[in-house]
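Welcome! Please take a moment to look at the sequence and the fold below before reading on.

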Amino acid sequence: MFLLIGTVLPFEIRNSEFDIRYWGGAGNVMNGFKDKKILVTGSTRGIGFAIAEILAEQGAVVGIHGRDEGRTAEVAGTLTAKGFSVFPVAADLGNPDEAVGLIKRFVKQAGSLDGLVNNAGGGKAVAFRGMKLEDWRNTFSANLEAAMLASREAYVLMRKSKQGCIVNVASIAAHGPGKWMGADYAASKAGLVSLTKTLAFEAARLGIRVNAVSPGMVATDMTASLSEEMKQGLGIPLGRLAKPEEVASVVCFLLSDQSSFITGQVLHVNGGLWM
Ligand code: NAD
């Protein structure tokens, strides 16, 4: 009995310290990312915004990225008003030049780059028989090529400083049939998982870590059109969609020193939808 308590209790204590220090509570006393320079793509709303907010709360200097200049400046402004160190960098990631330029512009303003989150992306539920090559390419361009180009620019810089973290936001659709999205979306996210592992393997000897998260269904603009009935019909074992913060906290874990021996992995955040 004693032995059992002795082994279980410290684990629980460690977990609660972890929660308080790194992910909120206790009046935000944590500063796990103090002065770290991190760019989060697609951070004007949804999962990206939640990631940016957690990082900024913990002392990071965060690049808020979106497609529209006015909207990006507005979102960065709301976080600056809370006392956080953030700044806007707008770019259309469907344009390869802008994807490359995004990292250069971030570093010009922040001075260096410690972390990159390739979160921007999206797609539609398109039946395969109606799939147009142009749409396929557009999805790949935003979901996979932009992540490759931004990661390549980031990796060149991280190699010099021999440190850095990249986290890619993939999807449950990457690991099986894209049941709720088109084949373009699922295939581009599967490519993102492959990119994650291949770059992680190459970068590991330099101390650079590359990981991914694969969300299931998350309550953001992407799923806003689902009716309550459709949500129940998804059969999510935990019985609901994820909140954006529940994905964001896992991304932040992968960016943090708490995951210092994790690379080339995909963490699934899906409420048990895929096991
Ligand atoms: P969202 O639509 O709320 O946000 C997507 C963000 O990406 C926006 O800021 C948008 O401006 C940006 N973006 C998209 N295409 C862009 C482009 N070409 N150039 C610049 N910015 C672009 O969606 P979300 O749910 O927060 O999605 C974030 C990520 O999570 C996406 O990669 C998405 O595929 C992934 N994901 C979402 C879900 C979900 O259920 N919501 C599930 C699995 C994966």
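The report starts with the sheet, then turns to a helix and ends at the ligand.

This is a predicted model, where local features need pLDDT of at least 70, side-chain atom pairs count only at pLDDT 80 or more, and totals for chains, interfaces and linings use all residues. Residues are numbered from 1 along each chain as its sequence is written.

**The sheet**

Seven strands make up an open sheet, and following them across gives the order S3-S2-S1-S4-S5-S6-S7, with parallel pairing. The edges are strand S3 (86-90) and strand S7 (266-269), each of which pairs on one side only. On average, and with direction ignored, neighbouring strands of this sheet are turned by 20 degrees against each other. Such angles run from 0 to 180 degrees between N-to-C directions, with axes as lines fitted to C-alpha atoms. Strands here are DSSP runs (E, at least two residues), as are helices (H or I, at least four), numbered from the N terminus. Two strands pair if DSSP finds at least two bridges between them.

Here are some of these pairings, each with one pair of residues:

| Strands | Bridges | Residues facing each other |
|---|---|---|
| S1 (37-40) and S4 | three | isoleucine 38 and glycine 115 |
| S4 and S5 (164-169) | four | asparagine 118 and asparagine 168 |
| S6 (208-215) and S7 | four | alanine 212 and valine 266 |

Strand S4 (residues 115-118) deserves a second look. Are its residues buried or exposed? Gly115 and Val117 on one side, and Leu116 and Asn118 on the other, are all buried, and both faces of S4 are covered. Buried stands for 20 or more other C-beta atoms within 10 Å of a residue's own, these atoms being placed from the backbone.

**A kinked helix**

Helix H5 spans residues 133-161, 29 in number, and its first and last C-alpha are 40 Å apart, close to the 42 Å expected at 1.5 Å a residue. That expected span is 1.5 Å times one less than the number of residues. H5 has a kink of about 45 degrees, centred on serine 141; the bend is the angle between axes fitted to the seven residues ending at a residue and the seven starting there. Just after H5, lysine 162 has a positive phi of about 50 degrees.

**Around the ligand**

Which residues come nearest to the ligand? Of the 25 around it, they are Gly42, Gly46, Leu93, Gly121 and Thr220. A residue counts as near if its C-beta atom, placed from the backbone, lies within 6 Å. Helix H2 (residues 46-57) gives the largest share of this shell, three residues.

Notes
A residue is buried if 20 or more other C-beta atoms lie within 10 Å of its own, exposed if 12 or fewer, and partly exposed in between; C-beta atoms are placed from the backbone.
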